[in-house]
Amino acid sequence: MTGESPLGYNQARWTDDEDTYEPLLSEKNTESVAVDSALPDDLTRDSLELPNLSEPELARHYTRLSEMNYGVESGPFPLGSCTMKYNPKFTEDVAAVADASVHPDRSEQSTQGTLELQYELQQYLGKIGGMDAVTLQPPAGAAGEFAGILIANAYHESRDDDRSEVLIPDSAHGTNFASAAMAGYDVVTLPSGEDGRVDLDALAAALSEDTAALMLTNPNTLGLFERDITEISEMVHDVGGLLYYDGANLNALLGHGRPGDMGFDIMHYNVHKTFATPHGGGGPGAGPVGVVEELAEFLPDPHVRESDDGYELYAPENSIGKVHGYQGNWLVAVKAYAYIARLGDEGLADASAKAVLNANYLAEMVDYEVPFGPFHHEFVASAGEQDAADVAKRMLDYGVHPPTTKWPEIVGEALMTEPTEIENKRTLDQLAAAFNAARADDIETLEAAPERTAARRIDQVSAARDPRLSWQALDEA
Amino acid sequence: MTANGSPYAPHTPAETEAMLSAVGVDREEALFDIPDDVRFDGEFGIDARSERATRELVEDTLAKNDDLVEFLGRGHYDHYVPSMVDHLSARSEFLTSYTQYQPEVAQGFLQALFEYQSMLVELTGLSVANCSMYDAATALGEAATLAVRVRETSGDRIVVPETLSAGRRGTLENYIAGHDITIDTYPMDDGNVDREVLAESVDEETLLVYAENPTVRGTIEEGLGAVGELADDNDALFVLGSDPVALALLQEPASVGADVVVGDAATLGLPSAYGMGLGIFACREEFLRQVPGRLVGASEDTTGHRAYTLTLQTREQHIRRERATSNICTNQAWVALRTAMHVAWLGPDGLLDLAEDCVTLARDLADRLNDIRGVKAPVHDRHHFREFVVRTDQPASAVAADLESAGYAVHVVGEHELQVCVTETNGRKIDGFVAAFEEAAR
């Protein structure tokens, strides 16, 4: 049996006659140039070999490549925990303003505009998260986690309090575990309770005087709000630990709840998710970190504050130092500022309201089993007897980017789905139809998918077994 | 028509009604499973604005920056970015896509990243390059943790130049925070590595030796092969910092024994961007399974056609969690795309010409400043790349302040030392700069 979806999709596939794929730049034309320099020969290389193509040829190459790629503007992109929202066009123009692009070593006096915008974004983010102070330095969410855990570490050290463990629920983002380990902590994984939320008994058993912090996202990756958050906060604080908020799912809370009000001491914001800056195929993002007053003295250096005649940079008293060479991904921060300033209170709250409505509506419309609930911005369906990865490949044929698959592992064959606020009912119905068509597809059809994309199913195993990571490596083969 | 607070939520009132009814509630607020005591009333005090008003707000705020011609470098450089890069990288299929977890619909970005990796392989001479870190500082931090993983010595020392920039030094310190490692510095001799002192400092306890070419003071290193041998003799990792423009011209890192190359590739593809970067990470084949970050590999699809995919993901945080080689998830993929486009646009001749200009423009400007009374340039009797140190009889901070008043920004690097960086983007302002310098140095 084969399912049907109203959305069909045929992605561009560019090939040339001989090779049936769009050739690499190096295959189109490469030239080796002898290096003839004013420098002594022993300081320079002998030759340089690179593609040599005209601008029109390059324009076609990159246009063809773009046509073999799927973005938010190509169609629905409900990739769970990634918050793939539409990125307003005007923020690109705002970030392209010449004054946005100054050298990072310019004097404070000559960069008052940059510093003011940084300060204002710090203020915006502080209000949105319920935090007292915010740094913009971390260049991505995981970098923000790392900075946050370093802040927690510096706080405990300042009190001569030696703590070795960070607690993380099993449903958490992989970055939480890696960031805590990078900072030198032992990771203690908390099993989820039967309702998909933090199991208070397991938490009580894991908490001790070794607990430096509990890292939590709320709502969690199952889209569930941790209703016991006040109690969780008290339990963590009672043993002297800090509560860290992973902001990956903040899009579900804007204007409806603030991590600071829930007892979180430290948080990061994924501005490329919540504040609609483009993901750029995997970056650049930005991961500002907010903290409560007591932790402000540990923020990265430099930090921006108001001064008598404008704004100035300073090193917080017990700063953790640096997590980036300069001030992070600044142009991304400019876009986030513009997005927040455009939406204001009502827009931000409505974005979350519609994101939550969309997730609940879609969860209602799909034929797959959706355990747990009620949901906030995302839900995790189970593909059951089907292989979630195969379902995902089939959904590509139905014209939608599939959900995140096989994670979190507490739901078997997980399809983690986050439609965000940017889809209307008609698109959600089409998206549900794609799910349901795949639900009705037989195994052979699923395993043969996708068939309408630029490439058919790709052999991941041999890619890892025999890694070929450059065109030079292809030549050797 | 929509009746929403968010201009980017497309719901009509009728649709919202229908959806609420389908999920069995009468208003959106009822869907929020938040206890009353931690609910928020939505009032941040941020006023909504029209798109036009928002643009004007940002433009007016940023316009408070002074209009200075920057002669600044020291690890962050401005080169002309061709229009093609802006226009093609802004195609929404690139700009608004996510990490390529479904490779069948992401062949375009994957191929572009594969091409980026290949360009770094050519420039470094090393066989493996990942498809981006955040910037040079975090790439150096990742190299240090790689050294911890691959070195079998009991050593715990990392050796870096005493002139290492504050941003790189500070980031490195944090990246090794989880390990029992100390950072020692070695001195520089007239701008370059003091190889004699370094030789005394490197021993079997040394995990990693770090050097840069060009150096932070703009000089070109003359004895990197010896540094590489020294590291190798002591079983330490030799990590070299550079950038793709310099690498086009200078000795291939692999030929001087570099095990890892880090640095910033935002020199191509990005404007100054207040320090936004693109971290390079390339290394020898034997460290492949210990590499941080994402790797794109060539494979085949079921029809036997070449296709690209993310590979070796079992190193990454989403699979390996606390045992991952790095915590990096979101990286700088789009900047890598832009850099690859920029390199392709230049081609081998264009990239070499650009690099050669970095030598000759700096040499010519140093000569002109050196003609000014009370000024010596360059301070170091070396070959230079893009930048050089200038000695002034007058206090450097006073000269820099006067220059800023005249519309030019330079670094102050000592009581009587300034640093000046020149590329094609400020090259046509040199006459005015030299005149202002003469005035300020008087």
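Tutor: Two helix axes count as roughly parallel under 35 degrees, roughly antiparallel over 145, roughly perpendicular from 65 to 115, and oblique at the rest of the angles. The model discussed here is predicted.

Student: How are α4(A) and α10(A) oriented to each other?

Tutor: Helix α4 (residues 112-129) and helix α10 (residues 330-365) of chain A pack at an angle of about 45°, and their axes are 10 Å apart. An angle between 35 and 65 degrees falls outside the parallel and perpendicular ranges. The two helices α4(A) and α10(A) are therefore oblique.

Student: In α4(A) and α10(A), which residues meet, and how do they divide into nonpolar, polar and charged?

Tutor: From α4(A) come T114(A), L117(A), Q118(A), E120(A), L121(A), Y124(A), L125(A) and I128(A). On the α10(A) side they meet W330(A), A333(A), V334(A), Y337(A), I340(A), A341(A) and L348(A). The residues of this contact divide into 12 nonpolar, 2 polar and 1 charged.

Student: Is the crossing of α4(A) and α10(A) left-handed or right-handed?

Tutor: The angle of about 45° between α4(A) and α10(A) does not give the hand, which is a separate description of the pair. For α4(A) passing α10(A), the crossing is left-handed.

Student: α10(A) also packs on α2(B); how are those two helices oriented?

Tutor: Helix α2 of chain B covers residues 51-62, and its axis comes within 9 Å of the axis of α10(A). The axes cross at roughly 135°. That value is over 115 and not over 145 degrees, which means that α10(A) and α2(B) are oblique.

Student: What is the hand of that crossing, and how do the residues of the contact of α10(A) with α2(B) divide?

Tutor: The crossing of α10(A) and α2(B) is right-handed. W330(A), V334(A), Y337(A), A338(A), A341(A) and R342(A) meet E51(B), T54(B), L57(B), V58(B) and L62(B). By class, the residues of this contact are 8 nonpolar, 1 polar and 2 charged.

Student: Within chain B, how do α5(B) and α12(B) pack, and what is the hand of their crossing?

Tutor: Helix α5 (residues 107-124) of chain B lies with its axis 9 Å from that of α12(B), at an angle of about 50°. That angle makes α5(B) oblique to α12(B). As α5(B) passes α12(B), the crossing is left-handed.

Student: Which residues of α5(B) and α12(B) meet, and how many of the contact residues are charged?

Tutor: α5(B) contributes F109(B), A112(B), L113(B), Y116(B), M119(B) and L123(B). Among the residues they meet in α12(B) are W334(B), L337(B), T339(B), V343(B) and L351(B). The contact residues divide into 14 nonpolar and 1 polar, with no charged.

Student: Is M267(A) buried or exposed, and which residues does it touch?

Tutor: M267(A) lies in strand β8 (residues 266-268) of chain A. Its relative accessibility is 0%, and M267(A) therefore counts as buried. Leaving aside residues up to four places away in sequence, M267(A) touches G129(A), M131(A), Y244(A), Y245(A), L250(A), P259(A), P288(A), V289(A) and G290(A).

Student: Which peptide bonds in chain B are cis, and what is omega in each?

Tutor: P214(B) is in the loop between β7 (206-212) and α9 (224-233), and P378(B) is in the loop between β13 (375-376) and β14 (387-392). The bond from N213(B) to P214(B) is cis, with omega near 0°. The bond from A377(B) to P378(B) is cis too, with omega near -10°.

Student: Where is F372(A), and what is its phi?

Tutor: F372(A) sits in the loop between α10 and β12 (379-382) of chain A. With a relative accessible area of 33%, F372(A) is partly exposed. Its phi is positive although the residue is not glycine, at near 65°.

Student: What is the phi of R321(B), and how exposed is this residue?

Tutor: R321(B) is in the loop between α11 (317-320) and α12 (333-370) of chain B. Phi is positive at about 50°, and R321(B) is not a glycine. The relative accessible area of 24% makes R321(B) partly exposed.

Student: What share of chain B is buried, and how many helices and strands does the chain have?

Tutor: Of the 442 residues in chain B, buried ones make up 64%. By element, chain B has 14 helices and 17 strands.

Definitions and conventions
Residues numbered from 1 in each chain as written. Chains lettered and ligands numbered in written order. Predicted model: local features only at pLDDT ≥ 70, side-chain atom pairs only at ≥ 80, totals over all residues. Heavy atoms only, no water. Axes fitted to C-alpha atoms, helices over the stretch in contact; angles between N-to-C directions. Helix = DSSP H or I, 4+ residues; strand = E, 2+ residues; numbered from the N terminus. Left-handed = near helix turned anticlockwise from the far one by under 90°. Contact = heavy atoms within 4.5 Å. Nonpolar A, V, L, I, M, F, W, Y, C, P; charged D, E, K, R; others polar. Buried < 20%, exposed > 50% of the residue type's maximum accessible area, 1.4 Å probe, protein only.
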